[in-house]
Amino acid sequence: MKITLLGTGSPLPDPRRAGPATLVRTDGAILLADCGRGVLMRLTAAGVLPGMLSAVLITHLHSDHITDLNDVITTHWIMSPEGTQLRVFGPPRTQEVVNAILASLAPDLQYRLDHHADLSWTPNVVVTEVAPGDVFTVGSATVTVGATDHRPVEPTVAFRIDDAGKSVVLGGDGVPCASLDQLCLGADAYVQTVIRDDLVRLIPNARIQDILDYHSSVEQAAETATRAGIRTLVLTHYVPSMQPGQEDDWRSRAAAHFAGDIVLGDDLTAVEL
Ligand SMILES: [Zn+2]
Ligand SMILES: [Zn+2]
């Protein structure tokens with residue numbers, strides 16, 4: 001199982017970091033979790049084209065996690081043979097979002113249908129709205145859904161992927177909670193959005209201060225990993241953006257609460273389990 005951080009940025013535009021997106025490759029499945037800004041550029045850099053995706057997993061419907069889902073849908077459509085499904089799993093209202101994306105693409109779909117004689121079908125997006133406790137299979141992978149605490153954003157979910165004796169939890173955004181601990185229990189790896197609360201508190205902006213309410217700090221993510229017996233902690237979605245030369249500082253804050261391997265870095269940082 002290989003985990004690749006496609007986008008390690010946040011809603012704040014960053015020339016070096018794409019928006020939140022993580023790729024999980026197993027022997028029998030390729031799963032994309034979230035579709036932030038620039039996801040297809042990074043996906044291609046990782047050697048995966050949209051038509052190769054077994055499924056897209058959406059942790060929640062904050063715009064930074066879905067802003068390029070439209071690009072995934074359109075490009076998957078125009079690069080795939082007729083009948084190819086794009087499977088999307090996400091929380092309630094994911095279907096509503098996909099319907100709205102497709103509606104926004106109506107002119108584009110018409111242009112392409114009119115222009116290409118060999119193209120006679122529209123995007124085949126199959127949405128499954130999931131709830132905590134759901135378990136489903138994608139290729140050879142088993143995916144388990146767990147609740148996260150990203151309130152006031154609700155509902156939000158995390159996904160645990162198990163395949164061939166390896167497992168990873170994609171925690172998405174949120175603060176520590178019992179259901180996330182349970183989902184993570186005994187997993188090999190845990191990928192978590194993190195903020196540096198010490199740095200965020202220095203920013204004199206009320207809207208920035210609000211993000212402290214509903215994101216794990218680096219230390220909290222490390223504590224979750226320790227409670228759950230995780231082997232590899234993967235940090236992503238850095239707020240504020242992790243600058244060159246700051247990696248050791250971020251890593252040491254996690255290492256103070258977690259004794260396992262810690263993975264963080266630029267976009268396309270990858271770890272093989
Ligand atoms: Zn969020
Ligand atoms: Zn986010």
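Biologist: How many helices and strands does the protein chain have, and what makes a stretch count as either?

Modeller: There are 10 helices and 14 strands; helices (H or I, at least four residues) and strands (E, at least two) are DSSP runs, numbered from the N terminus. The model is predicted: local features need pLDDT of at least 70, side-chain atom pairs count only at pLDDT 80 or more, and totals for chains, interfaces and linings use all residues. Residues are numbered from 1 along each chain as its sequence is written, while chains are lettered from A and ligands numbered from 1 in the order in which they are written.

Biologist: What radius of gyration does the protein chain have, and what would a compact globule have?

Modeller: The protein chain has 18 Å, and a compact globule with 273 residues would be near 19 Å, so the two agree. The radius is taken over C-alpha atoms, and the globule rule is 2.2 Å times the number of residues to the power 0.38. Along the principal axes, the C-alpha atoms fill a box of roughly 60 × 45 × 30 Å.

Biologist: Why is strand 2 (residues 21-26) called mostly covered?

Modeller: Six of its six residues are buried, a term that requires 20 or more other C-beta atoms, placed from the backbone, within 10 Å of the residue's own (exposed: 12 or fewer; partly exposed: in between). Ala21, Leu23 and Arg25 point one way and Thr22, Val24 and Thr26 the other, all of them buried. In the protein chain, buried residues make up 44% of the 273.

Biologist: How do you know that strand 2 pairs with strand 1 (residues 2-7) and strand 3 (residues 29-33)?

Modeller: Pairing needs at least two bridges found by DSSP. Strand 1 is joined to strand 2 by five bridges, antiparallel, and Leu23 is the bridge partner of Thr4. Five bridges also join strand 2 to strand 3, again antiparallel; therefore both pairs meet the criterion of at least two bridges. Strands 2 and 3 form a hairpin with two residues between them, and Thr26 has Ala29 as its bridge partner.

Biologist: Which strands are the edges of the open sheet of seven strands, and what makes them edges?

Modeller: The order is 7-8-9-10-11-12-13, with mixed pairing. Strand 7 (135-138) and strand 13 (261-263) are the edge strands, as each pairs on one side only. Strand 7 pairs with strand 8 (residues 141-147) in the antiparallel sense over four bridges.

Biologist: Which residues touch the most other members of the largest nonpolar core?

Modeller: Among its 69 residues, these are Leu31, Val56, Val168, Tyr190 and Leu233. Such a core is a set of buried Ala, Val, Leu, Ile, Met, Phe, Trp, Tyr and Cys residues joined through C-beta atoms within 7 Å.
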